[in-house]
Amino acid sequence: MAACAGRVSDSGFSREEVDEAVEKTGLLTLEIELTRACDFRCAYCHAAAASSLEDELSEAEIRDVVLQAKDLGARKIIIRGGEPTLYPKISEMVRFIRAQQLQVELLTNGSRITADLGRELFEQQVRVVLKMNSLDQKVQDSLTGRSGSFELVQAALGNLRQAGYPSEKGLLAVSTLVCRQNVAELPSVWSWLRDRGIAPSLEIMTPRLQGKEDEWAAVDSEELRNALAAIADIDRREYGEAWEPHPALLGGECMRHKFSCLVCSQGDVMPCVGVDTPIGNVRTQKLCDIIKDSEIILDLKDHINTIKGPCRSCDEADVCYGCRGAAYQLTGDYLASDPTCQENADRQDEIVHLPFAVAGIIPQQLPMRVIDTLVGTGERSGEVSVTVSAEMPFVGEDGILDEVAYFEMMAQSMAALNGFKQLGASGASTKGYLVGAHDVKILGTARVGDTLRISVYKDARFAQFGIIRGTVSRDDALLARGEIKIWHDSVIS
């Protein structure tokens, strides 16, 4: 998963503008990935090198998405990749977006910022965010995985400055990854950029699921705290910029899910680079319908009432929900508290993680409970596991599970999904009933000792009734599939 920028400045929109976007389920910005092709192999970018480059959005499809975003209120298009300058028609796309009276922000590694492209970007008033992680050649090349990347970045800076950046007409920023390899030089990098009129920003590595692969770059919390304090002091004393180091996002706040989303190069729509679970695809749905119908987006827009754990009661909860990408990747739950926030350092035991035992979040108790563990959640979906035991209801003397249990498992799985979502919310209720089943297909048999995986998807909802599609599998064998109707004593969200 790519890193995401944690800027010291805010989103550039007023609180009133953001609130209006939330109320209208609209957008203020759209991030779009033109291609996943990249000529760097950054050690902290976990997706680009391995991702398929086949079947990427056509030029016409990208233009259509931009127009849809504009109709939803977007004022700025953030172009990213991969390396977006590898997109064959990058210049034409920039001109098209600007012709729609939309701002353009380009996130680039700088490898293809020639003098000509620099001039064109400046003429189109593109906000350029160049990725530069170090002023040390060896460190820079090591983090990008490409020998010579230091010279490429410096050449890009020279070409952009020659074109007229930075100026009122053309904002130039540099995004710097915060990691063990460069944390000691962050204050000097910051001053180097400030002295040249370049807006510095700090880049947070969004950890991969469970985060173990990223330990090579982890920064000691005390060392990070000292570096941020030094940067804040430099800004205050030398540049007249007063801000306080933010515990979660290094001096700024994100809140992007209230007014933005990401369209990937193959059309999948995601909340952001960190919450990388698809909520729809622009090839099969309109962007407005995807955002309006997305449970994940609606949950994040209403973060005050939906986030679990210590982030929910934080003094800054009104303006900060931590890094949702870090929360999702480290816990499996996009509504969990951010484990990386320094405010949560001593409250890790209060942060929920998936997998999660369902006892206590569904109304069924033993022996009527026929599921064990909520394994994962997605867009209107969830996965649950259970190991069939002899004490379980619906198990015959021969150890075979009666097929009627499959649909009770689906119903209880949906109860677990709802119960988990409401975990910690005051007045939450878990009461519900299986009302009926439809289009049932029994394809296999389970017995004592089998571990089953139940997948459920909220297909439709009508007030307190929901139509759920579900499957029950054992390893790769599909045992049952069908639709169930359930009733819940609150509106199924």
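These are my notebook entries on what I looked up in this structure, which is a predicted model.

**Entry 1: strand β2**

I began with strand β2, which spans residues 29–33, and found it mostly covered, since 5 of its 5 residues are buried. I then looked at which way the side chains point: T29, E31 and E33 go one way from β2, while L30 and I32 go the other way, and all are buried. This fits what I know of strands in general. In a regular strand the side chains alternate between the two faces of the sheet.

Next I looked up the neighbours of β2. Strand β3, residues 76–80, runs parallel to β2 and is joined to it by 5 bridges, and within this pairing I noted I78 of β3 as the bridge partner of E31. Strand β8, residues 262–263, also runs parallel to β2 and is joined to it by 2 bridges, with V263 of β8 standing opposite I32.

**Entry 2: salt bridges**

I turned to the charged side chains and noted that the structure holds 28 salt bridges. One of them brings me back to the strands of the previous entry, for the side chains of R80 and E31 meet in a salt bridge with an N to O distance of 2.7 Å. This pair links distant parts of the chain, as R80 belongs to strand β3 and E31 to strand β2, 49 residues apart. Both R80 and E31 are buried.

Strand β3 takes part in another such link: K76 and E105 form a salt bridge in which the closest N and O atoms are 3.3 Å apart. Here too distant parts of the chain are linked, with E105 in strand β4 (residues 103–108) and K76 in strand β3, 29 residues apart. I asked myself whether E105 is buried or exposed. E105 counts as buried because its relative accessible area is 4%, under the 20% that sets the limit. K76 counts as buried as well, because its relative accessibility is 8%.

I also looked up E59 and K89, whose side chains meet in a salt bridge at 2.9 Å, N to O. The pair joins distant parts of the chain, E59 being in helix α2 (residues 59–71) and K89 in the loop between β3 and α3, 30 residues apart. K89 has a relative accessible area of 37% and is therefore partly exposed. Last in this entry, I noted that D233, R236, R237 and E238 are linked in a network of salt bridges.

**Entry 3: E185**

I wanted to know where E185 sits, and found it in the loop between β6 (172–177) and α7 (186–195). Its relative accessible area is 17%, so E185 is buried. Leaving aside residues up to four places away in sequence, E185 touches N133, S134, L135, D136 and V139. With L135 there is a particular contact to record, as the side chain of E185 reaches the backbone nitrogen of L135 at 3.3 Å. For a sense of distance I also looked up E17, which lies 168 residues from E185 in sequence and 37 Å from it in space, C-alpha to C-alpha.

**Entry 4: backbone details**

Which residues are joined by a cis peptide bond? I found one between G81 and G82, with omega about 25 degrees, and one between Y165 and P166, with omega about -15 degrees. G82 lies in the loop between β3 and α3 (90–99), whereas P166 is found in the loop between α6 (149–163) and β6.

I then looked up phi for residues other than glycine and noted M255, whose phi has a positive value near 60 degrees. M255 has its place in the loop between α8 (221–238) and β8, and I put it down as buried because its relative accessibility is 8%. D439 is not a glycine either, yet it has a positive phi of about 50 degrees; D439 belongs to strand β14, residues 432–442.

**Entry 5: a surface patch**

I closed with the surface, where M368, F394 and V404 form a nonpolar patch with about 250 Å² of accessible area together. Of these residues I followed up F394, which is found in the loop between β13 (381–387) and α14 (404–421). Its relative accessibility is 31%, so F394 counts as partly exposed.

Definitions and conventions. Residues numbered from 1 in each chain as written. Predicted model: local features only at pLDDT ≥ 70, side-chain atom pairs only at ≥ 80, totals over all residues. Heavy atoms only, no water. Helix = DSSP H or I, 4+ residues; strand = E, 2+ residues; numbered from the N terminus. Buried < 20%, exposed > 50% of the residue type's maximum accessible area, 1.4 Å probe, protein only. Contact = heavy atoms within 4.5 Å. Polar contact = N/O pair within 3.5 Å; in protein donor to acceptor, adjacent residues only side chain to side chain. Pairing = 2+ DSSP bridges. Patch = residues over 30% accessible without salt bridge, like charges linked within 9 Å, V, L, I, M, F, W, Y side chains within 5 Å. Areas by Shrake-Rupley, 256 points an atom, 1.4 Å probe, with all protein chains shown as cover. Salt bridge = Lys/Arg side-chain N within 4 Å of Asp/Glu carboxyl O.
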